[in-house]
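Q: Got a minute to look at a structure with me? I'd like to start with any empty space inside.
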Amino acid sequence: MTVQEHYALRGGVFSSQLPDGRTRLLTKSHAETIGQLDDADTAMLAALAGGIRKATEIGGAPGLLTTLRSGGWLNITVTDGDRELYTIRPLRTPPEAPERAASRLSRFAVLHPRNGRMALESPTSWCDIEIAAPEALAALLPGSERSTIGDRLAQDLTWAGMLVDEDAEAGFRELQWAPHDLWFHHRSRHDERPEERFGGTFWGKDFCDPLPVRPEAYPGTPVELATPDLDALRHDPGLNEVLETRRSCRVHDDGAPITARELGEFLHRCARNKWVREYDGVEYTSRPYPGGGALYELETYPLISNVDSLGPGLYHYDATDHLLRPVCAADAPHARQLVRQAKLATGTVTTPQVLLLISARVGRMMWKYEQIPYSAILKHVGVLYQTMYCVATAMGLGACALGGGDSAAFARATGRDPLQECNVGEFLLGRAGNRLRWEEEL
């Protein structure tokens, strides 16, 4: 068995010549000046940019190859003779190689298919490793016997930070991060992978038309809501007073429930569509809170238990026509589960007068954006929460944002496909009375 290294310039690398004749290598987030190149060095760089080359077949100065390898500018393919085993694909400058291999897979490492191979990635690593040979993949399994291939892979995985010692990742620094949280943070920020596009690419054009502003309407007789006089509301408390007096209210005064008129005013001030316009085949809108790309993917479902002049039930708020469309009865099993979950989230035994369920029609965002759409959706939930808090405070109502909910119960109660429209937030709304318990933030 002959283990060899082959090299190729990693994707997404560009070169430029400085005025003094030195060559500079650049990626989206990193640059390094590698000095003046002679004809042999220039030919070497061109050859590496053209595809995989054996280390023994690369001309130029040995020092340049070392600089490129240690700087993370080269993909390193490990072979057994002519058979490819795996490829190390740097994302940034690597650390010094370790003297010995570690013993176990990092809790942050994830193995998944990519381009017909298995890719091993970790948000804590400086590289990805694409595995081509089944025996190399088998070497990752606990208790597997080490071979020459396994030993070499273990050494490289340790270098990559994907194999760690038994006592590693045991401190608060690492344990505070659940693997999925760190992955989500890492992949929704800037990405060095050249094949990964980022931001508003409108990639969904290749698959389908964009979703309209309005979702499919529920059948049944809609309930019209009162429209407030916005000019009269200009006498609301000032912004500073609202911000300073805002509190989270978890228990409502059922002796004086909020009214249908108040609910209509609240929804109109927080979540209505101000206008709908089409540009280049995409519908855009505007609401009282800011939304990335004017796409406004969030939908509001009031689950009403106690509202004066409005029957109990789960409704969908039609943000364009400012009305409620009935979805299901309040005593439907999945609606009851949503209320139970809200009680658990607040640590109370009383039923909220209104539980506002916030969903996202993810295709509105994901049709346009890559890498960041779900992160942006959660940011939108946050600004909607703040808008709801401020409006509720100005209206003298009790409000409280919740930290979690039952997405499966939401999907069953609404009949929405959770891969198309999923539950992303919950918010309590009700009457704030004298016997109410106000909760101060810690």
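A: Sure. A cavity here is a set of grid points where a 1.4 Å probe fits but cannot get out, and a lining residue has an atom within 4 Å of such a point. Keep in mind that this is a predicted model.

Q: OK, how many cavities of 30 Å³ or more are there?
A: The count comes to three. The largest cavity holds about 50 Å³ of space.

Q: Which residues line the largest cavity?
A: Phe202, Pro210, Leu211, Val282, Tyr284, Leu295, Gly363, Arg364, Trp367 and Lys368. Strand S17 (282-286) and helix H10 (363-366) are the elements that give two or more residues to that lining.

Q: And what's the lining like by class?
A: Seven nonpolar residues, one polar and two charged.

Q: Switching topic: how far does H9 reach?
A: H9 covers residues 333-346, so to speak 14 residues, and reaches 20 Å from its first C-alpha to its last. That is close to the 20 Å expected at 1.5 Å a residue.

Q: Which H9 residues are buried?
A: Ala335, Leu338, Val339, Ala342 and Thr346. Seen down the axis of H9, the buried residues fall within an arc of 95 degrees, so they line one face of the helix.

Q: What covers those buried residues of H9?
A: The cover includes strands S18 (298-304), S20 (323-328), S21 (354-361) and S24 (421-431), plus helix H12 (407-414).

Q: What's exposed on the other side of H9?
A: Pro333 and Leu344.

Q: Last one: which residue follows H9?
A: Gly347, with a positive phi near 70 degrees.

Conventions. Residues are numbered from 1 along each chain as its sequence is written. This is a predicted model: local features need pLDDT of at least 70, side-chain atom pairs count only at pLDDT 80 or more; totals for chains, interfaces and linings use all residues. Side-chain values use heavy atoms; hydrogens and water are left out. Helices (H or I, at least four residues) and strands (E, at least two) are DSSP runs, numbered from the N terminus. The expected span of a helix is 1.5 Å times one less than its number of residues. Buried means under 20% relative accessible area, exposed over 50%, partly exposed in between (1.4 Å probe, protein chains only). The arc is that of the directions from the helix axis to the C-beta atoms. Contact means heavy atoms within 4.5 Å. On a 1 Å grid over the protein atoms alone, a cavity is a set of points where a 1.4 Å probe fits but cannot get out, and a pocket is an open set with protein on both sides within 12 Å along at least five of seven lines; lining residues have an atom within 4 Å of a point. Grid points are joined across faces, edges and corners, and a volume is the space filled by probe spheres set on the points. Ala, Val, Leu, Ile, Met, Phe, Trp, Tyr, Cys and Pro count as nonpolar, Asp, Glu, Lys and Arg as charged, and the others, Gly among them, as polar.
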